[in-house]
Amino acid sequence: MKYKKIVLLSSIFFSLVSCSQNDDTYIGGSISGGPVEMTSIYPVPPSQWMGGTDPYYSAGYTGDIMPYFDNGKFHIFFLHDAQNKPAGKGFHDIHEFQSSDLVKFSYEGQMIPFGNATDPDFAVGTGSVVKVGNVYYFYYTGHNETPAFMQSNARESVLCATSTDLKNWIKVSTFKITAPAGYYNYDFRDPHVFYNEELKKYSMIVSTQTEPGRKAVLLHFTCADPVSGKWDVQEPIYTTTAQENYLMMECADVFKMGNYWYLFFSENWGGSKGTHYRMASSINGPWITPENDMIDGEYFYAGKTASDGNKRYVFGWNARKSPENDTGNKEWAGNMVIHELTQNADGTLGAQAPKSVKDLFSKSIKVETATTLGNVTESNGTYNLNGASEKAMVLFKNIEKKVKIKGQFTLGNATGSAGFVFQTNDGGSYYKIAFEPSKGKIVGYNSASQEVTRIPFKFQSGVKYDVEIVAEGSVCILYINGKAALSNRIYGRDKNKWGIIAEGQNFTVSDLQVTKPE
């Protein structure tokens with residue numbers, strides 16, 4: 001697969017977008033030889049995507065995702081995080097997956113490359129796509145913190161590329177927005193652009209901070225016609241409160257679902273890392289913080305949404321670890337994960353696996369008990385774990401790389417914990433996804449019993465809950481009742497036993513099923 005050479009585009013296209021032929025260059029498109037079909041439901045870009053032996057292109061991960069639905073297809077743009085980044089080269093160029101069903105994907109190659117060390121997009125950051133007439137506008141972040149560049153330029157800016165086919169993108173070198181007076185040009189990124197029906201204009205939301213004061217805000221710009229390139233700054237659409245104390249509200253997204261407007265953003269520095277949301281009856285607010293404002297835990301990040309006109313999905317990445325083992329440190333980028341958003345009667349949101357993903361797992365796998373510990377009884381596929389006085393556990397034989405675990409469970413009281421264990425070994429260690437009713441949350445603990453991810457969830461004793469766990473390789477996503485999702489990274493999951501556990505809790509699990517794709 002070879003990368004297309006840079007060539008000049010005809011002046012006909014420039015007349016469509018009011019740009020000068022001398023200023024703009026054709027810079028992207030599908031990889032030579034056509035798309036690469038992905039076999040993963042949680043994909044990363046393929047190795048050697050440009051061919052050759054350059055170590056920069058040997059392997060990569062899926063970073064921030066910028067989904068866009070058009071003509072029956074999801075165009076899933078993302079920041080490509082190369083495993084190797086040689087000195088002097090930029091990073092995080094924009095690549096694309098495509099899918100019509102969110103279970104089969106094709107890798108389409110690089111769409112927007114990073115620039116040179118003297119360009120504002122020496123590194124590329126998150127953005128969004130909007131269509132105006134017959135032209136698609138891709139607003140994205142330019143990032144360059146080389147000392148020479150920063151002597152006379154802002155570290156971050158909003159840039160633009162255009163296309164008529166969502167494949168061949170042209171950087172508009174004359175377009176650039178930097179932080180206006182009163183805002184911090186060191187952190188000014190992640191433009192989200194959409195047509196604002198209430199204003200009858202286009203809105204752009206940018207993540208930044210006040211200057212002075214360094215308070216996180218989502219700054220609002222408006223434009224009557226993006227062809228003009230003229231965007232006017234407005235008051236922030238959202239300003240973080242002292243109680244929230246966010247450093248940055250990254251990767252914002254604004255959309256309407258049913259009777260409510262929603263504002264998504266991600267935070268990676270405070271005590272509640274992950275993707276958050278606010279809701280309102282109007283795009284102008286006031287924005288309400290729901291009791292649980294998280295879509296998933298901190299191992300699902302930078303969630304942005306797209307709708308096919310029927311359902312809305314949130315696209316994020318499941319963080320990898322370095323070193324790649326159970327107790328490694330969380331790293332930026334990993335595998336793409338997609339949740340279908342669900343909406344409760346009060347407007348609050350939940351998440352479940354897309355139906356196409358659920359339906360993929362149609363072949364049954366026998367659930368085989370390997371060992372039990374403590375007070376455990378089993379009858380007709382129902383497991384009762386009496387762990388009130390001592391730990392109770394059932395371990396099953398290991399299962400394959402791509403599986404779905406499904407069942408129902410009941411917690412007997414309001415204290416203690418229960419849940420699922422993975423990557424168990426003969427030394428007695430395991431990764432645990434625990435239901436903790438007294439703390440009101442679901443927690444992922446690594447084999448060193450360290451809390452690595454969590455999401456709020458209110459449990460009730462004696463209530464039966466539906467649970468689904470979709471796992472592929474080290475990615476392991478738990479869903480409950482279509483209302484909560486918790487993404488985990490569990491290395492060695494398919495090579496070791498898995499099971500159910502109760503500690504200080506009576507735990508009943510019924511109708512336990514394991515399936516894999518045909």
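Met38 has Phe105 as its bridge partner in strand E6, where strands (E, at least two residues) and helices (H or I, at least four residues) are DSSP runs numbered from the N terminus. The structure is a predicted model, in which local features need pLDDT of at least 70 and side-chain atom pairs count only at pLDDT 80 or more, whereas totals for chains, interfaces and linings use all residues. Residues are numbered from 1 along each chain as its sequence is written, and side-chain values use heavy atoms, with hydrogens and water left out.

The bridge at Met38 belongs to the antiparallel pairing of strand E2 (residues 36-38) with E6, which extends over three bridges; two strands are taken to pair if DSSP finds at least two bridges between them. E6 is also joined to strand E5 (residues 94-99), again in the antiparallel sense, through five bridges, and within this pairing Ile94 is matched with Ile112 of E6. The hairpin formed by E5 and E6 has five residues between its strands, and Leu102 adopts a positive phi near 65° in this hairpin. Strand E6 (residues 105-112) is largely enclosed by the rest of the structure, because eight of its eight residues are buried, a term that denotes under 20% relative accessible area, with exposed meaning over 50% and partly exposed the range in between (1.4 Å probe, protein chains only).

Further along the chain, an open sheet of seven strands is arranged with antiparallel pairing in the order E24-E27-E36-E29-E30-E31-E32. Its edges are formed by strand E24 (369-373) and strand E32 (451-456), each of which pairs on one side only, and the twist from one strand to the next averages 15°, the axes being lines fitted to C-alpha atoms and the angles running from 0 to 180 degrees between N-to-C directions. Within this sheet, strand E29 (residues 417-424) and strand E36 (residues 497-503) run antiparallel and are joined by six bridges, with Glu503 of E36 serving as the bridge partner of Ser417. Strand E29 also contains Gln423, which has a positive phi of about 55° although it is not a glycine and which counts as buried at 16% relative accessibility.

The largest nonpolar core comprises 46 residues, and those with the most contacts inside it are Phe409, Phe420, Phe435, Ile442, Ile480 and Phe507; such a core is a set of buried Ala, Val, Leu, Ile, Met, Phe, Trp, Tyr and Cys residues joined through side-chain atoms within 4.5 Å. When neighbours within four places in sequence are left aside, the residues in contact with Phe507 include Tyr383, Leu385, Phe409, Leu411, Phe435, Ile500 and Ile501, contact being defined as heavy atoms within 4.5 Å. A second, separate core of 24 residues includes Leu341, Ala351, Val357 and Tyr479.

Asn488, a residue of strand E35, is buried with a relative accessible area of 0%. The side chain of Asn488 makes a polar contact of 2.7 Å with that of Tyr431, where a polar contact is a pair of N or O atoms within 3.5 Å, of which, within protein, one must be able to donate a hydrogen and the other to accept it, residues adjacent in sequence counting only if both atoms are side-chain atoms. Among the other residues touched by Asn488, not counting those up to four places away in sequence, are Asn318, Thr453, Ser474 and Cys476. Cys476 is itself buried, at 0% relative accessibility. Gly492 lies in the loop between strand E35 (484-489) and E36 and is partly exposed, with a relative accessible area of 23%.

Several local backbone features were also identified. The peptide bond from Glu211 to Pro212 is cis, with omega near 5°, and Pro212 is placed in the loop between strand E12 (201-210) and strand E13 (216-223). A cis peptide bond likewise leads from Ser322 to Pro323, with omega near -5°, and Pro323 lies in the loop between strand E20 (312-322) and strand E21 (329-343). Asp190, in strand E11 (residues 183-196), has a positive phi of about 65° although it is not a glycine, and this residue is buried at 4% relative accessibility.

With a disulfide defined as a pair of cysteine sulfur atoms within 2.5 Å, the count comes to zero disulfides. The cysteine sulfur closest to that of Cys223 belongs to Cys160 and is 10 Å away, too far for a bond, and Cys223 is buried, at 1% relative accessibility.
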